[in-house]
Amino acid sequence: MTSKALLVVSIGPVHFLAATMRYRRNARQAHCAGVDEAVVAGALDIDGGVFGRTANLQGRRTPRHGARLTLWAVSLMLAASIFAPAVRALAPDRAVYEPIARSTVYGRRFAIVVAPGPAKTSSSEAADRYKSKLRQLGFTVTTIGPSRRFDADAAIRDLAKLPSGSEVALFAVGQTYARDESDIYFLPEDASPNAVADPASLPTEALSLGLVLRTIKKSRPSQFVGIVTNCRRLDDPRDPCSMARIPGAEGVSLISVRGPEMVADHETSFARTLSGLMGEQGLVFSTLFDRLGASVERGGFSLRRSPDISSSFAFAPTRYFSTLDTPCNNPGEGVLSVSDARARLSACQTDEQKFEGVQHFALAELRAREQVAFAETDVPCGPAFQAAADRYRSTYPWRTFGVQFEQRVAACDRQTPLPAVSRTRFVSQTGWSYDYDSTLLYVSPDGNDVDEASKTQVSTTFHSRDLGTAVVIYIQVLANSQCLTPEAYLRFGKVGKRTVSVTYSEASTTPPPGYYGWVLKGRGMKLPNQPVRDVMSIDIVTTRVASRDQFLHVGGRFPPAQASIYEAEVLKIWRSMTPPYNDRYRVPCSN
């Protein structure tokens, strides 16, 4: 007995690697010899891990073959225990990617993307998309594949070591197969070409989803969800794969998808839809299933879910992105110095690129821009302050830092008393009325509320008392004969065509009650048969919400050096506008 034991120790390491490569052939020999393969898998304590799930063969043994294969099994078991680190090293196609940022509120999150099939396919492209989105969402992502059967099994075995109590998401990417409702199988790179044609060979040729589920559950995750992105039932190809009877599926929220057979890149299109929904904050897994089904129904996809699907797990919980430890989130909101505000703007621009398509960082970048504009008003009173204040006032009519800004303006007003401004009320024949600074502007004799019947508009033109006709400010009331929106009128009409460079184009935030409008700013003006003029311009067009019969157009052109003065005057005229009770022009436009 002692000599036999020594023999086992001496031959085990020598035959270990060779035995693994000969396993499939020896399995059939074992069946003939009557050796129970489950004894080998059970002795290795890998739940069928390295060699997959095996048939429970009855113990029919012949003395000669039984002794030989029993000796081989014990040798293999001992060699595996001696060379355990080498088994983990034999998983070259397993990689771990840290998240782009971690949440300061939510715990550790792990995702496993299993795609053991061939590389450079639509499946591998889809796997890359899921990996990128999951890293955005704070998951540590483990990818398995493309890989051989042995390597994938070794990588799957390591999943039992995930930290206990973690949130876990599993993605089975690429074509998977189900013989019936008992399990779902992944085909590795080295699978037999006849594996699908011979479904009985799947347990030995392919990787078992049930094995993956049972292995991950050993880590005791707090929440466990999974998505099988492209499963095909071999016994009934028209039916999506069922997961109710898969071993290990108990307590796991699963979604399986059957893609259309006639669409070549359906993996990519489905990944695009799913990853977009994953980024919606507060979208729980059960609602994700409903939204996903509605989104892909027309594309020929069929979905099925596990009986009990989570209504608490979300890839992006409510307000999740604001909890990420990123440079844009860290400096926080509030009043900052110019250097700090610019640093935050740079950080938010970087985060917006990293978290592409995430609205939280797009809005944070806009808020950071306002922080910079407000911080630039923190200068000594004088021309520099006045220019910065005018820029901030005109760009941000609805100001986040309104109270602090008005305090700065009031402080400068106390230090440098401004001359009294004489504002004159102008009432147009169209019924519109407004104020203008009569010490700064005068009404053009040729443009005093002129009724231009041929153009169905009434116009008033102002010029500068200091600069004369170099400054033109105009107020027009005109029929909306083409039933355009304010945006279309400005961007695609004569204003947009004559503007060399548009510097600002947004919806107006301060129209009169019951109106909506558009603002367009630009530099440079080009007219037919004339050289380009270097002027700054601002145009604001508004119309009633209830009807678009006529436009009110307030605008101005002025030299760049005096832009802050005259743009501010245009905005003051605009804010003082009082509309008439009835429109002058009636055009039957449908909103």
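Reader: What makes Glu569 and Arg423 a salt bridge?

Author: The closest N and O atoms of Glu569 and Arg423 are 3.1 Å apart, and the term asks for a side-chain nitrogen of Lys or Arg within 4 Å of a carboxyl oxygen of Asp or Glu, so the pair qualifies. Glu569 lies in helix 18 (residues 563–575) and Arg423 in strand 12 (residues 423–427), so this salt bridge ties together parts that are 146 residues apart in sequence. Helices (H or I, at least four residues) and strands (E, at least two) are DSSP runs, numbered from the N terminus. The model is a predicted one, in which local features need pLDDT of at least 70 and side-chain atom pairs count only at pLDDT 80 or more, while totals for chains, interfaces and linings use all residues. Residues are numbered from 1 along each chain as its sequence is written, and side-chain values use heavy atoms, with hydrogens and water left out.

Reader: Why is Glu569 called buried?

Author: Buried means under 20% relative accessible area, exposed over 50%, and partly exposed in between (1.4 Å probe, protein chains only); Glu569, at 2% relative accessibility, therefore counts as buried. Its partner Arg423 has a relative accessible area of 32% and is therefore partly exposed.

Reader: How do you know that Asp435 and Arg425 meet in a salt bridge?

Author: The N to O distance between the side chains of Asp435 and Arg425 is 3.0 Å, which puts the two in a salt bridge, one of 20 that the structure holds. As for accessibility, Asp435, at 22%, counts as partly exposed, and Arg425, at 39%, is likewise classed as partly exposed.

Reader: Why is it said that the pair of Asp451 and Arg584 ties together parts that are 133 residues apart in sequence?

Author: Asp451 forms a salt bridge with Arg584, their closest N and O atoms being 3.1 Å apart. Because Asp451 lies in strand 15 (residues 450–452) and Arg584 in the segment after helix 18, the pair ties together parts that are 133 residues apart in sequence. Asp451 is partly exposed, with a relative accessible area of 40%, and Arg584 is partly exposed too, with 33%.

Reader: How do you know that a disulfide joins Cys231 to Cys241?

Author: The S to S distance from Cys231 to Cys241 is 2.0 Å, and a disulfide is a pair of cysteine sulfur atoms within 2.5 Å, so the criterion is met. Cys231 lies in strand 9 (residues 231–233) and Cys241 in the loop between strand 9 and strand 10 (253–258), so the link ties together parts that are ten residues apart in sequence. Cys231 counts as buried at 1% relative accessibility, and Cys241 is buried with a relative accessible area of 1%.

Reader: Why is the disulfide of Cys381 and Cys412 called left-handed?

Author: A disulfide joins Cys381 to Cys412 with an S to S distance of 1.9 Å, and the torsion about its S-S bond is about -85°, so this disulfide is left-handed. Cys381 lies in the loop between helix 13 (359–375) and helix 14 (383–395), and Cys412 in helix 15 (residues 402–415), so the pair ties together parts that are 31 residues apart in sequence. Cys381 counts as partly exposed at 29% relative accessibility, whereas Cys412 is buried at 8%.

Reader: What makes the link of Cys328 and Cys348 right-handed?

Author: The link of Cys328 and Cys348 has 80° about the S-S bond, and is right-handed. Cys328, at 0% relative accessibility, counts as buried, and Cys348 is also buried at 0%. A search of the whole structure finds three disulfides.

Reader: Why is the aromatic pair of Phe139 and Phe315 called tilted?

Author: A search of the whole structure finds 22 aromatic pairs. In the pair of Phe139 and Phe315, the rings are 6.2 Å apart, centre to centre, with 55° between the planes. Rings of Phe, Tyr and Trp (its six-membered ring) pair if their centres lie within 6.5 Å, and planes under 30 degrees apart count as stacked, over 60 as edge-to-face and the rest as tilted, so the pair is a tilted one. Phe139 counts as buried at 0% relative accessibility, as does Phe315 at 3%.

Reader: What makes the aromatic pair of Phe558 and Tyr566 stacked?

Author: The planes of Phe558 and Tyr566 have 25° between them, and the centres are 6.4 Å apart, which makes the pair stacked. Phe558 counts as buried at 0% relative accessibility, and Tyr566 counts as buried at 3%.
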